[in-house]
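This report describes one protein chain for a reader who has not seen it before. The sequence and the structure come first, and the description follows.

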Amino acid sequence: IMGDGITAGKNVRVYWDAVDDWDGEAGLLNSTKADKFGEFELWFDVPEATYGDHTIWLEDANTGETLLHTDYVMVRPKLSISPSAGLETETIDVSGYGYSAETEIVFFNATGLGPSTIDDVNITTSPGTVETDELGSWTATFKVPDVDDGWIYDDYNITALDEDENN
């Protein structure tokens, strides 16, 4: 974030969703000092958060004045897979964040991207029922399907959908 209008040489703080100490879901993300003209540049990582709109607040630490920096920051689901490839029966770790809080992942499937005829086939995960935590995050594993079950060596698109249809 780049801005101005902060008391020269004083701290500016950036907050996620609430102007308060960080509580694991909302609060202070970072701070920096404004230069002699009251201008500043401040960096932060978007925290683990649920799907939807979130606010960024700025505070002039000298005056205590706060202002809404942006209308909203939209968090959308992200799926991570490790390793990204494997042979049949090897275990793949999968995790997601940015889903709805405390909801079930109701649809976890694979679609072939190459010469495969596999289309929207459900994948069995461990645990069998995958649920998100209070921040919309989750982890699971699955085994690379056996080619004897109709799978072929190919690239597959892995999709996860929560109860609120976020994917």
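H54 touches W16, D17, A49, Y72, V73 and V75, leaving out residues up to four places away in sequence; a contact means heavy atoms within 4.5 Å. The model is a predicted one, in which local features need pLDDT of at least 70 and side-chain atom pairs count only at pLDDT 80 or more, while totals for chains, interfaces and linings use all residues. Residues are numbered from 1 along each chain as its sequence is written, and side-chain values use heavy atoms, with hydrogens and water left out.

**H54 and its surroundings**

H54 lies in strand β5 (residues 52-54). Strands (E, at least two residues) and helices (H or I, at least four) are DSSP runs, numbered from the N terminus. H54 counts as buried because its relative accessibility is 7%; buried means under 20% relative accessible area, exposed over 50%, and partly exposed in between, with a 1.4 Å probe and protein chains only. The side chain of H54 reaches the backbone oxygen of T50 at 2.9 Å.

One of the residues that H54 touches is D17, which is placed in the loop between β2 (11-16) and β3. D17 is partly exposed, with a relative accessible area of 30%.

**The chain as a whole**

The chain has 16 strands and zero helices. Of its 167 residues, 34% count as buried. Among contacts between residues at least 6 apart in sequence, 60% join residues at least 24 apart. The chain exposes about 9,800 Å², of which carbon and sulfur atoms supply 45%; accessible areas come from the Shrake-Rupley method with a 1.4 Å probe, and for residues only the protein chains shown count as cover.

The average pLDDT of the chain is 87, and 88% of the residues score at least 70; pLDDT is the predictor's confidence in each residue, from 0 to 100. Among the elements, strand β3 (residues 27-33) has the highest mean pLDDT, 97, and strand β12 (residues 121-122) the lowest, 66.

**Cores and the aromatic pair**

A nonpolar core is a set of buried Ala, Val, Leu, Ile, Met, Phe, Trp, Tyr and Cys residues joined through side-chain atoms within 4.5 Å. The largest such core has 14 residues, and F108, W138 and F142 have the most contacts inside it. Two or more residues each come from β10 (91-97), β11 (104-112), β15 (138-143) and β16 (156-162). Another core lies apart from it and has eleven residues, including V12, W16, F40 and I56.

Leaving aside neighbours within four places in sequence, W138 is in contact with a list of residues that includes L79, V94, Y99, I105, F108, V130 and A160. A search of the whole structure finds one aromatic pair. Its ring centres, those of Y99 and W138, are 5.9 Å apart and the planes stand at 70 degrees, so the pair is edge-to-face. Rings of Phe, Tyr and Trp (its six-membered ring) pair if their centres lie within 6.5 Å; planes under 30 degrees apart count as stacked, over 60 as edge-to-face and the rest as tilted. Because Y99 lies in the loop between β10 and β11 and W138 in strand β15, the pair ties together parts that are 39 residues apart in sequence. Both Y99 and W138 are buried.

**Backbone features**

Most residues other than glycine have a negative phi, and most peptide bonds are trans. The table lists places in this chain that depart from that.

| Place | Feature | Angle |
|---|---|---|
| S82 and P83 | cis peptide bond | omega about -10 degrees |
| S126 to P127 | cis peptide bond | omega near 5 degrees |
| D17 | positive phi, not a glycine | phi about 70 degrees |
| E102 | positive phi, not a glycine | phi about 45 degrees |

P83 is in the loop between β9 (78-82) and β10, and P127 is in the loop between β13 (125-126) and β14 (130-131). E102 lies in the loop between β10 and β11 and counts as exposed at 62% relative accessibility.

**K143 and T70**

K143 lies in strand β15 and is exposed, with a relative accessible area of 52%. Not counting residues up to four places away in sequence, K143 touches T89, E90 and T91. The side chains of K143 and T91 make a polar contact at 3.0 Å, that is, a pair of N or O atoms within 3.5 Å; within protein, one must be able to donate a hydrogen and the other to accept it, and residues adjacent in sequence count only if both atoms are side-chain atoms.

T70 lies in the loop between β7 (66-68) and β8 (73-75) and is partly exposed at 27% relative accessibility. T70 and I56 are 14 residues apart in sequence, with their C-alpha atoms 6.2 Å apart in space.
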